[in-house]
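Please look over the sequence and the fold shown below before reading on. The report that follows moves from the whole chain to one sheet, then to the ligand, and ends with a single residue.

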Amino acid sequence: MGIMNTSTTQPGAYEIRVEGHLDERWGDWVDGVEIRHDADGTSTLTAQLADQPALHGVLGRMRDLGIPVVSVCRIDENGDASALMRAAAQYRYGDPMEVIEVRNIERPTVGADEVLVRVHAAGVDAGVWHLVSGQPYLLRTMGFGFRRPKNPVAGMDVAGTVEAVGSAVTRFRPGDEVFGCADGSFAEYATAKEAKLALKPANLTFEQAAAVPNSAAAALMALREVGRVQAGDRVLVIGASGGVGTYAVQIAKALGAHVTGVASTAKLDLVRAVGADEVIDYTREEIDARTGAYDLVLDIGGNRSLSQLRRALTADGRLVIVGGEGGGKWFGGINRQLRATILSRFVSQDLRFFFSQVDVDDLEALTELIEAGAVTPAIDRAFTLDEAAEAVRYQHAGQARGKVVITL
Ligand SMILES: NC(=O)c1ccc[n+]([C@@H]2O[C@H](COP(=O)([O-])OP(=O)(O)OC[C@H]3O[C@@H](n4cnc5c(N)ncnc54)[C@H](OP(=O)(O)O)[C@@H]3O)[C@@H](O)[C@H]2O)c1
């Protein structure tokens, strides 16, 4: 072991361990650098760096020189090393391919009611693209960060192993396998509120479990709480081949409904495979070709007009608007949802929209359906963490059959 350039490690310094020996040039490139060569053939570089961009500068130079990085730690004011983690991070809103970059950032620490999850898989749903792009702009006023994302790590759906728990957490302990909704799941570690996690369904892999939380909870809420589905109801699911739709078809069937799924030609086989009794290829037939045919319509894709959606409903049928892309940069089509709520007061049909929230009751209800074999995630494709930007782009492009996930 040899010291090449001496200076004491300052509080807040970074420690980067690499394979091989680092030469004297690092003394010229990084102020106050200290390098230790270890007997196992690795070297540890310690330096006081101004901020994260300075750290990324050093790591970028190592990457350019082909030096393999083994670990990166930050030394806090007590002189303790706090590990960094790899994460798909973004420091501005925009096109996922331009703003998401995999970097080493500080591992989050848990608050009293939080759980630190070692992430094995993360789900990618339509909401992720909105939070990455900052569109519609309306959502920036809803607490996600006005000029840039408040949380630089994208992703919500998570499945993994509990690493640590906060002092007030009672339902989990390290080693538990969990799934749910986290604050930034496109990373090696993520924190989640205890109330937004449940034990992973026993019959699912981490990859499958990460595909469940937001999409399946939205489908459950749309059908059960908002749509008040009853056994025997005739239910039309528009967007049945997507992330929410593939769950909606399965859950509606499990609740005893007769389900018709609407999708494009190439995805009709998937909609049948997840259990739809009938399918409509919307490129050949419109949803209101059978006027007054449905007790409940879930509108998940396509942004059809309220009058067209209402024509498909019985005289006292229920419309639940879940979402739909292409509604505009500012309001994302919320005006259609608001018009539905107002119109609902003046017509015999019930027209509603909602914003879903994932909580432990939903996750446990979904686990019951999954463990009973009534619901199985339909996964189109898995990406690696390094491909996180591509995963978000791919999901948003609309080609996916069912869900997209990231595995770590
Ligand atoms: N309200 C809430 O709380 C809540 C919760 C979750 C999601 N959402 C919203 O719900 C929407 C769907 O989310 P997702 O994750 O299911 O997205 P997704 O996986 O991209 O699925 C959307 C589906 O819509 C279908 N589609 C596109 N154009 C269509 C058309 N003209 N007619 C019928 N279907 C059409 C696509 O299938 P084809 O290729 O077959 O057309 C696609 O499979 C998004 O807007 C999302 O933001 C809302």
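Among contacts in the protein chain between residues at least 6 apart in sequence, 65% join residues that are at least 24 apart. The model is a predicted one, and its protein chain holds 12 helices and 19 strands. Taken along the principal axes, the C-alpha atoms of this chain fill a box of roughly 80 × 40 × 35 Å, and 45% of its 408 residues count as buried.

The chain is divided into domain 1 (14-79), domain 2, which is made up of 99-210 + 378-407, and domain 3 (215-353). Between the C-alpha centres of domain 1 and domain 3 there is a distance of 55 Å.

**The six-stranded sheet**

Six strands form an open sheet with parallel pairing, in the order S14-S13-S12-S15-S16-S17. Strand S14 (278-281) and strand S17 (350-353) stand at the edges and have a single partner strand each, so one side of each is left without a neighbour in the sheet. From one strand to the next, the twist averages 15 degrees.

Three of the pairings can be set out together, each with a residue of one strand and the residue that stands opposite in the other.

| Strand pair | Sense | Bridges | Residues standing opposite |
|---|---|---|---|
| S13 (residues 258-263) and S14 | parallel | four | alanine 263 and aspartate 281 in S14 |
| S12 (residues 234-238) and S15 | parallel | four | isoleucine 238 and aspartate 299 in S15 |
| S15 and S16 | parallel | five | leucine 296 and arginine 318 in S16 |

Strand S15 (residues 294-299) deserves a separate word: six of its six residues are buried, so this strand is largely enclosed by the rest of the structure. In a regular strand the side chains alternate between the two faces of the sheet. Towards the S17 edge, helix H10 (residues 334-344) lies across strand S16 (313-321) and S17, and the helix runs at about 145 degrees to S17.

**The surroundings of the ligand**

Which residues come nearest to the ligand? Of the 30 residues around the ligand, those are Gly242, Gly243, Gly301, Gly302 and Gly323. The elements that give two or more residues to this shell are helix H4 (126-133), helix H6 (213-226), helix H7 (243-254) and S13. Sorted by class, the shell has 12 nonpolar residues, 15 polar residues and three charged residues. Both domain 2 (99-210 + 378-407) and domain 3 (215-353) give residues to the shell, so the ligand lies between them.

**Alanine 154**

Helix H4 also marks one end of a loop, for alanine 154 lies in the loop between H4 and strand S8 (157-165). Is alanine 154 buried or exposed? With 28 other C-beta atoms within 10 Å, alanine 154 is buried, since 20 or more such atoms are what the term requires. Leaving aside residues up to four places away in sequence, alanine 154 touches Ala88, Gln90, Ile100, Val128, Leu131, Val132, Gly184, Phe186 and Val392. Valine 271, by comparison, is 117 residues from alanine 154 in sequence and 29 Å from it in space, C-alpha to C-alpha.

Note on methods: Residues numbered from 1 in each chain as written. Predicted model: local features only at pLDDT ≥ 70, side-chain atom pairs only at ≥ 80, totals over all residues. Pairing = 2+ DSSP bridges. Axes fitted to C-alpha atoms, helices over the stretch in contact; angles between N-to-C directions. Contact = placed C-beta atoms within 7 Å. Buried ≥ 20, exposed ≤ 12 C-beta atoms within 10 Å, placed from the backbone. Domains from an automatic or database assignment. Near = placed C-beta within 6 Å. Nonpolar A, V, L, I, M, F, W, Y, C, P; charged D, E, K, R; others polar.
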